[in-house]
Amino acid sequence: PAPAASGATAAQGDWVTLFDGKDLSKFRGFRKDSIPPAWVIQDGCLVHRKSAGDHTAAGDLVTRDQYGDFELELEWKVTPGGNSGIFYHATEDTNNIWENAPEMQILDDGAHNDGKDRLTSAGADYALYPAPAGAVKPVGQWNRVRIVANKGRIQYFLNGVKTCDFVRNSDD
């Protein structure tokens, strides 16, 4: 369960809708108060539209509320060669989110170089825990993700396939 806006824990089984296809009010930019301009809502989908060479429009989104243990479900698809990720349990103590948070890799395995290595392919915990081959759908198709964080145990599911299962901050 996710904490309620007050910081209290939501009742067992309660879900918090972070994005309803119309509104980004539950998000802001990493280390910013507003949404970076590259993030737009298009046809009910959250879309990142980074212009070539315009790095000022880019930026990671974070939730306005903080969550401890959680279960996150979403769908994603990328353009050819696309590379992104789902970061969680991040702090804003570093200049970049990837410096302090685990990442479930989102990737076009077929066209991006990271897809050649199971440690950096779609569904992996980036550079730490590999994902099995064959879980990701081809570029342009929707992929369904579920991430479960429960008392330090992290599980990733990509299209119904468990791609990672580990204990955060463990010796391995």
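The protein has zero helices and 10 strands in a model that is predicted rather than determined by experiment. Read along the sequence, the elements therefore follow an uninterrupted β pattern, β-β-β-β-β-β-β-β-β-β, given that helices and strands are assigned as DSSP runs. Of the 172 residues of the protein, 33% count as buried.

Several of these strands are joined by antiparallel pairing. Strand E5, which covers residues 70-76, pairs with strand E8, residues 143-150, in the antiparallel sense over seven bridges, and within this arrangement Glu75 has Arg144 of E8 as its bridge partner. Strand E8 is also joined to E9, again in an antiparallel manner, by six bridges, with Val148 standing opposite Gln155 in E9. E8 and E9 form a hairpin in which two residues lie between the strands, and Lys151 in the turn has a positive phi of about 55°. E8 thus has bridges to E5 and to E9.

A further antiparallel pairing, over five bridges, connects E6 and E7, and here the bridge partner of Phe87 is Glu103 in E7. Strand E7 is largely enclosed by the rest of the structure, because five of its five residues are buried. The burial concerns both faces of the strand: Glu103, Gln105 and Leu107 lie on one side and Met104 and Ile106 on the other, and all of them are buried. Glu103, the partner of Phe87 in the pairing with E6, accordingly belongs to a covered face of E7.

The aromatic residues provide a second set of contacts, and the structure holds four aromatic pairs. In one of them, Tyr88 and Tyr156 meet edge-to-face, at 6.2 Å centre to centre and with 90° between the planes. This pair links distant parts of the chain, since Tyr88 lies in the loop between strand E6 (83-87) and strand E7 (103-107), whereas Tyr156 lies in strand E9 (residues 153-158), 68 residues apart. Both partners are buried: Tyr88 has a relative accessible area of 6%, and Tyr156 has a relative accessibility of 0%. Tyr156 also pairs with Phe166, and because the ring centres are 5.9 Å apart and the planes stand at 90°, this pair is likewise edge-to-face. The second contact joins strand E9, which holds Tyr156, to strand E10 (residues 161-167), which holds Phe166, the two residues being 10 apart along the chain. Phe166 counts as buried as well, at 6% relative accessibility. Through ring pairs, Phe70, Tyr88, Tyr129, Tyr156 and Phe166 are linked into a cluster. A contact of another kind involves Arg146, whose charged end sits over the ring of Phe157 at 4.8 Å from the ring centre.

The second largest pocket has a volume of about 280 Å³. It is lined by 16 residues, of which Pro102, Asp125, Leu128, Tyr129 and Arg168 are the closest to its centre. By residue class, the lining divides into nine nonpolar, three polar and four charged residues. Tyr129 appears both in the lining of this pocket and in the aromatic cluster.

Two further positions illustrate spatial relations between separate parts of the sequence. Ala38 lies in the loop between strand E1 (27-29) and strand E2 (39-42), and with a relative accessible area of 1% this residue is buried. The C-alpha atoms of Ala38 and Gly59 are 7.6 Å apart in space, although the residues are separated by 21 positions in sequence. Val161, by contrast, lies in strand E10 and, at 33% relative accessibility, counts as partly exposed, because the value falls between the limits of 20% for buried and 50% for exposed residues. Between Val161 and Arg144, which are 17 residues apart along the chain, the C-alpha separation is 9.8 Å; Arg144 is the residue of E8 that serves as bridge partner of Glu75.

Note on methods: Residues numbered from 1 in each chain as written. Predicted model: local features only at pLDDT ≥ 70, side-chain atom pairs only at ≥ 80, totals over all residues. Heavy atoms only, no water. 1 Å grid on protein atoms, 1.4 Å probe; cavity = no way out; pocket = protein on both sides within 12 Å on 5 of 7 lines; lining within 4 Å. Points joined across faces, edges and corners; volume = space filled by probe spheres on them. Nonpolar A, V, L, I, M, F, W, Y, C, P; charged D, E, K, R; others polar. Phe/Tyr/Trp six-rings, centres within 6.5 Å; stacked < 30°, edge-to-face > 60°. Helix = DSSP H or I, 4+ residues; strand = E, 2+ residues; numbered from the N terminus. Buried < 20%, exposed > 50% of the residue type's maximum accessible area, 1.4 Å probe, protein only. Lys NZ or Arg CZ within 6 Å of the ring centre and 35° of its normal. Pairing = 2+ DSSP bridges.
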